[in-house]
Amino acid sequence: MDTTSAVPRSLATEAVHAGREDLAALGLHAAPLDLSTTYPSHDSRAEAARLDEFAQTGARLQGPPVYARLDNPTVARFEEALARLEGTESAVAFASGMAALTAVLLARSAEGLRHVVAVRPLYGCSDHLLNSGLLGTEVTWTDPAGLAAAIRPDTGLVMVESPANPTLAELDLAALAESCGSVPLLADNTFATPVLQRPAETGARIVLHSATKYLGGHGDVMGGIVACDEEFARRLRQIRFATGGVLHPLAGYLLLRGLSTLPVRVRAQSATAAELARRLAADPRVSRVHYPRIGGAMVAFEVGEDPHQVISGVRLITPAVSLGSVDTLIQHPASISHRIVAENDRHTGGISENLLRMSVGLEDVEDLWRDLDAALSAGRRRPDAPGREPLAERVAP
Ligand code: MET
């Protein structure tokens, strides 16, 4: 019985049930974790026909996937669930967000469409992948107003991120989709998640996630996923089979589990982030706060003094790159997440040397503020003045 099509269900319900509808009939509560790398069959002729079908169409095979580079049932549950949350026909998962972006670029290049139009800022490694031309693509950077004019006959993709990493700059996705005409718009939705924004509803044909972040939610699983129509998903599955950037089934299991709490986590973390953004904006030690209109759990802010001292001053907040975990993380984009972007290009994207990016977790807001407040004071103190207790030297485990 198809339980998915009748009455539309809310995001919170989909987050818990999508991709798991068959479990009760299987007599299971948790999703099964299938770690098989290969799938036995005594019927080689049938397997040949199924492989031919996959090579020609990229459609998911009925029955066992022959080999784990074609497909995996646990990962497929995560794909089904994320597609449902983003409101797309399909989704295809990869080993990381960068593997997912790579597959999209290769899929478009394979059609002879090597040119990409993109708006800065993007996540540093996305910027680098486009700017370096490492995959044989060519990029034109533009602002939203220049997008339509930047499109050429060989443009295969327009790529944007909103709210953007790390400045949280927001774009009008509906207006951009309009300017794209027939060229697919890729929106990186890692920061907003489908809880706050579903870009496919406003015209993005391709929605990208680093699943490592909010989808997983606990800082212990790496993955990437592309939500899109089934036609493009078929191309992506063929690329994934050819290039091997598959998501490990255990990662698929953890990501599916992570989706269950996504709406609750994002809402709770966003409420704390909004309060911290409000306090930071009122603080004389902070020269500028970036917090998106749509909300979310990311806050970026510029400090008047040395941003490195703030990083070294936190004790509760984790001084680490990445985001979307249950604990609060802070990092200095010019040093880490956007280090690989040339300084001039960082500045074009609005990434100042004094910008700090914070991913707000599930801790109590007062505990977080106390830590941030002390770290900001550490940022104002002269290096030779007494500060917070020094940390022990890092020792290898
Ligand atoms: C290797 S640097 C960055 C990891 C992650 N995409 C982030 O923006 O934090």
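In this predicted model, Val117 sits opposite Val158 of strand 4. That pair belongs to the link between strand 2 (residues 115–118) and strand 4, which run parallel and are joined by 4 bridges. On to the next neighbour: strand 4 and strand 5 (residues 185–188) are also parallel, again with 4 bridges between them, and here Glu161 has Asp188 in strand 5 as its bridge partner. To get from strand 4 to strand 5, the chain passes through helix 7 (residues 173–180), and this β-α-β crossover is right-handed. Strand 4 (residues 155–161) has 7 of its 7 residues buried, so it is largely enclosed by the rest of the structure. Moving further along, strand 5 joins strand 6 (residues 206–210) through 3 bridges, with the two running parallel; Ala187 has Val207 in strand 6 as its bridge partner.

These strands are part of an open sheet of 7 strands, ordered 1-7-6-5-4-2-3, with mixed pairing. Strand 1 (90–94) and strand 3 (138–141) are the edge strands, each pairing on one side only. Ignoring direction, neighbouring strands of this sheet are turned against each other by 25 degrees on average.

Two helices lie across strand 1, strand 6 and strand 7 (224–228): helix 3, running at about 130 degrees to strand 1, and helix 9 (residues 230–243), running at about 20 degrees to strand 1. Helix 3 (residues 73–86) also packs with helix 10 (residues 249–260), their axes 7 Å apart and at an angle of about 35 degrees; the crossing is left-handed. On the helix 3 side, the contact includes Val75, Phe78, Leu82 and Leu85, which meet a set in helix 10 that includes Tyr253, Leu255, Leu256 and Leu259. Sorted by class, the contact of helix 3 with helix 10 has 10 nonpolar, 2 polar and 1 charged residues.

There is also an open sheet of 5 strands, in the order 8-9-12-11-10 and likewise with mixed pairing. Strand 8 (286–290) and strand 10 (318–319) take the edges, each with a single partner strand, so one side of each is left without a neighbour in the sheet. Within this sheet, strand 11 (residues 329–331) and strand 12 (residues 355–359) pair over 3 bridges in the antiparallel sense, and Ile330 has Met358 in strand 12 as its bridge partner. Helix 11 (residues 262–281) packs on the sheet and touches strand 8 and strand 9 (298–303), with its direction making about 15 degrees with that of strand 9.

Methods: Residues are numbered from 1 along each chain as its sequence is written. This is a predicted model: local features need pLDDT of at least 70, side-chain atom pairs count only at pLDDT 80 or more; totals for chains, interfaces and linings use all residues. A residue is buried if 20 or more other C-beta atoms lie within 10 Å of its own, exposed if 12 or fewer, and partly exposed in between; C-beta atoms are placed from the backbone. Two strands pair if DSSP finds at least two bridges between them. A crossover is right-handed if, with the strands pointing away from the viewer, the path from the first strand over the helix to the second runs clockwise. Axes are lines fitted to C-alpha atoms, for helices over the stretch in contact, and angles run from 0 to 180 degrees between N-to-C directions. A crossing is left-handed if the near helix is turned anticlockwise from the far one by less than a right angle, and right-handed if clockwise. Two residues are in contact if their C-beta atoms, placed from the backbone, lie within 7 Å. Ala, Val, Leu, Ile, Met, Phe, Trp, Tyr, Cys and Pro count as nonpolar, Asp, Glu, Lys and Arg as charged, and the others, Gly among them, as polar.
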